[in-house]
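Reader: Hey, got a minute to go through this one with me? I'd like to start with helix packing and then jump around a bit.

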Amino acid sequence: MSRILQNLARRWSELSLALQFLVAGGFGLLAVMLVVGSWVTTQIRDGVTRNSAATTALYVDSVIAPLLPDLRKSEELSESVKQALDETLGQGALGKRLVSFRLWRRDGTVLYAKDSALIGRRFDLTDNLRSAFQGNVTAQFDRFDDDEEKERAGGVPLLEIYNPVREPWSGEVVAVTEFFEVASDFKATLASALLSSWLIVAGTTLTAFLLLSGIVLRASRTIDDQRGALRRQVSELQGLVTQNSALRQRVQRASRRATAFNERYLRRIGADLHDGPAQLVALAALRMDSPIFSGDGQWGESRSTEVTMIRKTLEDAMREIRGICTGLVLPQIETAAAMDILRLAVDEHQRRTGTSVTLTLPRHLPEPGASEKISIYRFVQEGLNNAYRHGRGKDQAVHAEMKGGRLFVEVSDGGPGFDPAARVEGLGLAGLRDRVESIGGHFETRTGPQGTRLVISLSVEEQA
């Protein structure tokens with residue numbers, strides 16, 4: 001049983017709010033309509049019955065009352081009064097309207113009846129009789145007591161009316177007349193009134209239900225739209241969280257690789273200084289210890305030659321040191337514009353190598369931050385160096401553009417290319433990749449027989 005209830009509850013919760021309202025609200029408003037309709041029709045039935053009974057009772061009383069003697073003093077009616085009542089109730093319009101007529105004394109004795117067999121008989125007082133003896137006109141439609149089988153068997157709709165008979169001078173109720181009126185017209189009027197009341201109640205309920213359904217349907221659609229938008233936003237947020245997690249891991253890996261790369265780069269710088277300038281300076285120092293410099297002046301010509309060699313050695317050492325420093329020291333690019341940085345890197349490469357580079361720039365580029373500027377400069381610098389060393393400086397080109405809020409910079413050459421699977425990126429490209437990925441960018445290498453293309457893309461927010 002509990003499992004069935006759980007299944008029903010689950011299925012109910014899966015329905016839309018509008019459908020839940022249509023079901024629950026429909027049954028609820030139907031119940032309300034039945035309750036209100038029943039109450040309204042009961043009030044209408046009682047009101048119509050009461051008004052019709054009062055009208056008929058007044059008419060019958062105006063006809064019958066003058067014929068009755070002083071019922072306070074009379075224990076029974078005289079034959080002349082009975083005959084007068086027989087004649088009045090047996091003919092004319094009143095006779096046709098009244099199927100049955102009884103005159104009751106307070107103790108429950110029938111003083112007069114159209115059925116003469118009931119005259120003089122005594123019955124227990126019914127609730128309607130007690131109410132009539134208390135001065136109230138009461139009536140009931142098509143409801144019969146046990147002693148009213150004859151009226152029930154007539155097969156026509158009857159309105160039973162209990163009308164108090166009052167003493168003229170005191171107004172005290174001294175008797176009650178009970179009569180059954182043929183109520184065909186009353187039945188039709190009552191049915192029409194009840195039908196109209198039910199139609200009004202049903203129409204009002206249906207109108208309210210439709211209005212509420214429209215409001216709920218609109219609200220349900222709004223909620224569904226908002227729920228769908230929320231789900232899409234949650235899905236997008238989950239995608240962004242996943243993407244951010246992947247980017248964070250990428251940055252962490254790039255940071256670790258950058259640390260290792262920096263260590264290797266420092267070792268290479270140390271090796272370059274040790275194997276190049278340091279060796280030349282050491283050679284010059286050794287030459288300074290030659291007997292040519294420590295002996296007497298007989299080595300004049302040899303000393304001049306040795307000094308020339310030492311000077312040349314020291315000049316070579318200084319040239320190598322300057323070359324190393326040139327590659328390490330950045331120009332003043334933090335305050336330069338993005339397009340000026342690209343021009344500076346291209347001009348420096350052309351001046352140093354004596355080759356030409358095709359530079360393609362858009363009309364405007366946003367101004368990135370300092371980290372992005374350094375990455376762009378180093379990328380173009382190292383990319384052109386690779387194009388010069390490995391691509392023989394053929395068809396060197398630098399191209400920059402904005403697409404979808406991202407800055408794309410490409411360095412290409414027309415060299416023979418290389419096999420990415422057979423070649424490991426050197427320190428320069430590996431360092432560039434790590435540098436670019438550490439600031440959230442993307443690095444891509446495309447190579448083939450027609451040449452090599454290095455592409456980076458950065459998400460650029462223009463700095464104020």
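**Two helices, two sheets**

Author: Sure. H10 and H11 are roughly parallel to each other. Keep in mind that this is a predicted model.

Reader: Why do H10 and H11 count as roughly parallel?

Author: The axes of H10 (residues 338-353) and H11 (residues 370-390) cross at roughly 30 degrees, and angles under 35 degrees count as roughly parallel, so the pair gets that label. The two axes come within 9 Å.

Reader: And which hand does the crossing of H10 and H11 have, left or right?

Author: H10 passes H11 in a right-handed crossing.

Reader: Cool. Which residues meet where H10 touches H11?

Author: On the H10 side there are Ile-341, Leu-342, Leu-344, Ala-345, Val-346, Glu-348, His-349, Arg-352 and Thr-353. They meet Lys-373, Ile-376, Tyr-377, Val-380, Leu-384, Asn-385 and Tyr-388 in H11. Sorted by class, the contact has 10 nonpolar, three polar and three charged residues.

Reader: OK, on to sheets. What's the strand order in the mixed one?

Author: That open sheet has five strands, ordered S6-S7-S8-S10-S9, and the pairing is mixed. S6 (358-360) and S9 (442-448) stand at the edges with a single partner strand each, so one side of each has no neighbour in the sheet. From one strand to the next, the twist averages 15 degrees.

Reader: How do S6 and S7 run, parallel or antiparallel?

Author: S6 and S7 (residues 397-403) run parallel, joined by three bridges. One residue pair to look at is Thr-358 with its bridge partner Ala-397 in S7.

Reader: Which strands of that sheet does H10 touch?

Author: H10 packs on the sheet and touches S6, S7 and S8 (406-413). The direction of H10 makes about 175 degrees with that of S6.

Reader: What about H11, which strands does it lie across?

Author: H11 lies across S7, S8, S9 and S10 (451-459), and runs at about 15 degrees to S8.

Reader: How many residues sit between S9 and S10 in their hairpin?

Author: Two residues lie between S9 and S10 there. The strands run antiparallel and are joined by seven bridges. His-442, for instance, has Ser-457 in S10 as its bridge partner.

Reader: Switching to backbone oddities. What's up with phi at Arg-392?

Author: Arg-392 has a positive phi of about 60 degrees, although it is not a glycine. Most residues other than glycine have a negative phi. Arg-392 is in the loop between H11 and S7. Asp-395 lies in the loop between H11 and S7 too, and its phi is also positive, near 50 degrees.

Reader: Are Arg-392 and Asp-395 buried or exposed?

Author: Arg-392 has a relative accessibility of 68%, so it counts as exposed. Asp-395 is exposed as well, at 54% relative accessible area.

Reader: Last topic, the antiparallel sheet. What's the order there?

Author: That open sheet of five strands goes S2-S1-S5-S4-S3. The edge strands are S2 (110-113) and S3 (138-141), and each pairs on one side only. Neighbouring strands are turned by 15 degrees against each other on average, direction ignored.

Reader: How many bridges pair S4 with S5?

Author: Nine bridges pair S4 (residues 158-166) with S5 (residues 173-182) in the antiparallel sense. Among the residues there, Asn-163 stands opposite Thr-177 in S5.

Reader: And which strands does H3 touch?

Author: H3 (residues 79-90) packs on this sheet and touches S1 (98-104) and S2. The direction of H3 makes about 40 degrees with that of S2.

Technical notes. Residues are numbered from 1 along each chain as its sequence is written. This is a predicted model: local features need pLDDT of at least 70, side-chain atom pairs count only at pLDDT 80 or more; totals for chains, interfaces and linings use all residues. Side-chain values use heavy atoms; hydrogens and water are left out. Axes are lines fitted to C-alpha atoms, for helices over the stretch in contact, and angles run from 0 to 180 degrees between N-to-C directions. Helices (H or I, at least four residues) and strands (E, at least two) are DSSP runs, numbered from the N terminus. Angles under 35 degrees count as roughly parallel, over 145 as roughly antiparallel, 65 to 115 as roughly perpendicular and the rest as oblique. A crossing is left-handed if the near helix is turned anticlockwise from the far one by less than a right angle, and right-handed if clockwise. Contact means heavy atoms within 4.5 Å. Ala, Val, Leu, Ile, Met, Phe, Trp, Tyr, Cys and Pro count as nonpolar, Asp, Glu, Lys and Arg as charged, and the others, Gly among them, as polar. Two strands pair if DSSP finds at least two bridges between them. Buried means under 20% relative accessible area, exposed over 50%, partly exposed in between (1.4 Å probe, protein chains only).
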